[in-house]
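Work through the following exercises with the sequence and the 3D structure open beside you. Each task is followed by a solution that goes step by step.

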Amino acid sequence: MEHFDVVIIGGGPAGLKCAELLGGTDLKIALIEKSKIIGPKICAGGVTVNIDIPELLSQKVTYFTRQHVILDGEEHIINLDNPLTVIDRAVLGKFQLELLEDYQNVKVITGIRVVQIVNDDEDLSISEPGGKKEKYIITSEGEKISFKFLVGADGSRSLTRKFLGLESKFHIGAHYKIPAVFDKVVWFLNPENLGTGYCWIFPHPGFTSCGVYYDPELISFSDSKRVLDDMLDDFGLDYSGARFRGFPVNCLYKGLKFDDVYLCGDAAGVAFPVTGEGISTALECGAYVAREILQEREAFGGIKSMLRHRRKQSRYLWVLKRIGNHHIQSLIFKLFIYAIRRSLVDKGKNGTKIH
Ligand SMILES: Cc1cc2nc3c(=O)[nH]c(=O)nc-3n(C[C@H](O)[C@H](O)[C@H](O)COP(=O)(O)OP(=O)(O)OC[C@H]3O[C@@H](n4cnc5c(N)ncnc54)[C@H](O)[C@@H]3O)c2cc1C
């Protein structure tokens with residue numbers, strides 16, 4: 001059985017960020033990703049918080065200051081201080097992977113899934129010569145890999161989270177990736193038909209992501225798709241040849257550290273619950289977990305501010321959901337739009353760094 005100091009399950013932004021910060025240390029790291037190609041993911045790629053993007057990546061990133069918010073059919077233009085950053089996930093994944101190439105101590109294993117985690121069970125654990133028990137994962141190839149620390153960066157349907165016995169709360173994101181390039185960012189709110197959710201149009205160079213994010217306790221998949229389709233018809237966007245693909249976003253945060261097992265990103269439920277935005281939080285978490293493993297006690301400001309920001313969002317969403325009445329929900333959204341325009345609300349200036 002091969003041994004690693006740290007086994008990271010998942011090669012999304014969280015796992016890759018964690019591996020990057022553990023790169024060049026004395027620790028032996030394995031990052032295991034079930035997909036053959038790292039990067040592509042069902043995701044709109046929009047980031048509303050302040051992120052520090054290196055020059056190489058910024059050539060592939062689009063910034064939008066002007067936002068079109070449509071609430072119950074009425075259009076509001078918002079000019080943000082911090083522009084919305086739109087990143088193609090394939091580009092981000094490739095970029096993050098390339099950063100790991102410099103590190104001899106990081107082994108990236110792709111096309112292999114972790115199917116089981118075994119930890120401290122009398123019958124199943126393996127004793128080291130000193131009598132100390134080891135913990136290990138089993139891969140889809142039947143290989144056993146032992147670890148000292150396990151990092152579950154394995155997304156919303158996390159095996160690691162299940163292994164820890166933690167429940168999840170899923171919101172759903174689903175989108176069409178259409179070849180047409182649209183020229184404006186659109187946020188579409190309609191509490192009567194979407195509850196607390198929203199539809200979006202995020203233009204990228206070469207394609208546009210048009211999608212819907214919603215709470216499945218309030219709206220069904222088919223209803224959310226109908227609202228999105230109607231919106232796209234109104235904008236004259238042709239989505240007929242595009243696949244409508246969805247994935248859950250886990251929004252229930254229960255902690256990041258569980259003895260020698262850590263959770264990062266969607267596995268930890270840290271996505272912002274109002275928008276479903278989880279790229280920046282995944283990066284922040286990945287960095288935090290790496291520093292925690294390295295016992296670097298400084299620079300935890302980023303994670304604290306991110307958790308504070310998402311806690312506020314959770315409370316806001318809880319209130320909005322309990323209100324139930326869509327007229328009052330619309331009024332709250334209207335007040336929120338007013339507050340953003342007047343710069344009365346925190347625009348989420350987290351200092352997340354991609355590099
Ligand atoms: C439709 C949609 C639109 C979205 N739009 C946005 C957006 O605009 N902005 C934003 O910030 N966020 C968005 N999100 C959310 C965002 O995609 C996630 O929050 C983000 O990807 C979380 O990163 P992660 O690294 O935690 O997990 P992931 O990116 O999900 O990565 C987890 C990785 O683990 C791998 N994995 C899982 N299980 C195993 C296993 N057993 N063995 C090996 N590997 C495994 C997976 O293949 C995957 O590559 C959207 C989500 C959806 C569904």
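**Exercise 1.** Decide whether Asp259 is buried or exposed in this predicted model, and then examine its backbone.

*Solution.* Start with the cut-off, which is that a residue counts as exposed when its relative accessible area is over 50%. Asp259 has a relative accessibility of 64%, and therefore it counts as exposed. Next, locate Asp259 in the chain, where it is found in the loop between strand 17 (257-258) and strand 18 (261-263). Finally, look at its backbone: Asp259 has a positive phi of about 55 degrees, although it is not a glycine. Most residues other than glycine have a negative phi.

**Exercise 2.** Find where Asp72 lies and classify its accessibility.

*Solution.* Asp72 lies in the loop that runs between strand 5 (61-71) and strand 6 (74-87). Its relative accessible area is 40%, so Asp72 is classed as partly exposed, given that this class falls between the limits of 20% and 50%. The phi of Asp72 is also positive, near 45 degrees, in a residue that is not glycine.

**Exercise 3.** Explain why His175 counts as buried, and describe its surroundings.

*Solution.* First, place His175 in strand 12. Its relative accessibility is 6%, and because buried means under 20%, His175 belongs to that class. Then look for polar partners: the side chains of His175 and Ser209 are joined by a polar contact of 2.9 Å. Leaving out residues up to four places away in sequence, His175 touches a number of others, among them Ile42, Cys43, Trp200, Cys210 and Phe244.

**Exercise 4.** Check whether the span of helix 8 agrees or disagrees with its number of residues.

*Solution.* Helix 8 has 15 residues, and at 1.5 Å a residue, counting one less than the number of residues, it should span 21 Å. Its end C-alpha atoms are 21 Å apart, which agrees with the expected value. As for its cover, 14 of the 15 residues of helix 8 are buried. Just after helix 8, Gln295 takes a positive phi of about 55 degrees.

**Exercise 5.** Repeat the check for helix 10 (residues 326-341), and find which residue caps its N-terminal end.

*Solution.* The 16 residues of helix 10 should span 22 Å, and the end C-alpha atoms are 22 Å apart, so the two values agree. The cap is Asn325, which has a side-chain oxygen 2.7 Å from the backbone nitrogen of His327. Within helix 10, the buried residues include Gln329, Phe333 and Ile340.

**Exercise 6.** Describe the shell of residues around the ligand and the polar backbone atoms that approach the ligand.

*Solution.* Begin with the 36 residues around the ligand, of which Glu33, Gly46, Arg89, Asp266 and Ile279 come nearest. By type, the shell divides into 17 nonpolar, eleven polar and eight charged residues. Several elements each supply at least two residues of the shell, including helix 1 (13-22), strand 12 (170-178) and helix 8 (279-293). Turning to the backbone, a polar atom of Ala14 is 3.0 Å from an oxygen atom of the ligand, while a polar backbone atom of Val114 is 2.9 Å from a ligand nitrogen. A polar backbone atom of Gly276 is 3.5 Å from a nitrogen atom of the ligand. Taken alone, the ligand exposes 990 Å², and the protein buries 93% of that.

Terms used. Residues are numbered from 1 along each chain as its sequence is written. This is a predicted model: local features need pLDDT of at least 70, side-chain atom pairs count only at pLDDT 80 or more; totals for chains, interfaces and linings use all residues. Side-chain values use heavy atoms; hydrogens and water are left out. A residue is near a molecule or strand if one of its heavy atoms lies within 4 Å of it. A polar contact is a pair of N or O atoms within 3.5 Å; within protein, one must be able to donate a hydrogen and the other to accept it, and residues adjacent in sequence count only if both atoms are side-chain atoms. Accessible areas come from the Shrake-Rupley method with a 1.4 Å probe; for residues, only the protein chains shown count as cover. Helices (H or I, at least four residues) and strands (E, at least two) are DSSP runs, numbered from the N terminus. Ala, Val, Leu, Ile, Met, Phe, Trp, Tyr, Cys and Pro count as nonpolar, Asp, Glu, Lys and Arg as charged, and the others, Gly among them, as polar. Buried means under 20% relative accessible area, exposed over 50%, partly exposed in between (1.4 Å probe, protein chains only). Contact means heavy atoms within 4.5 Å.
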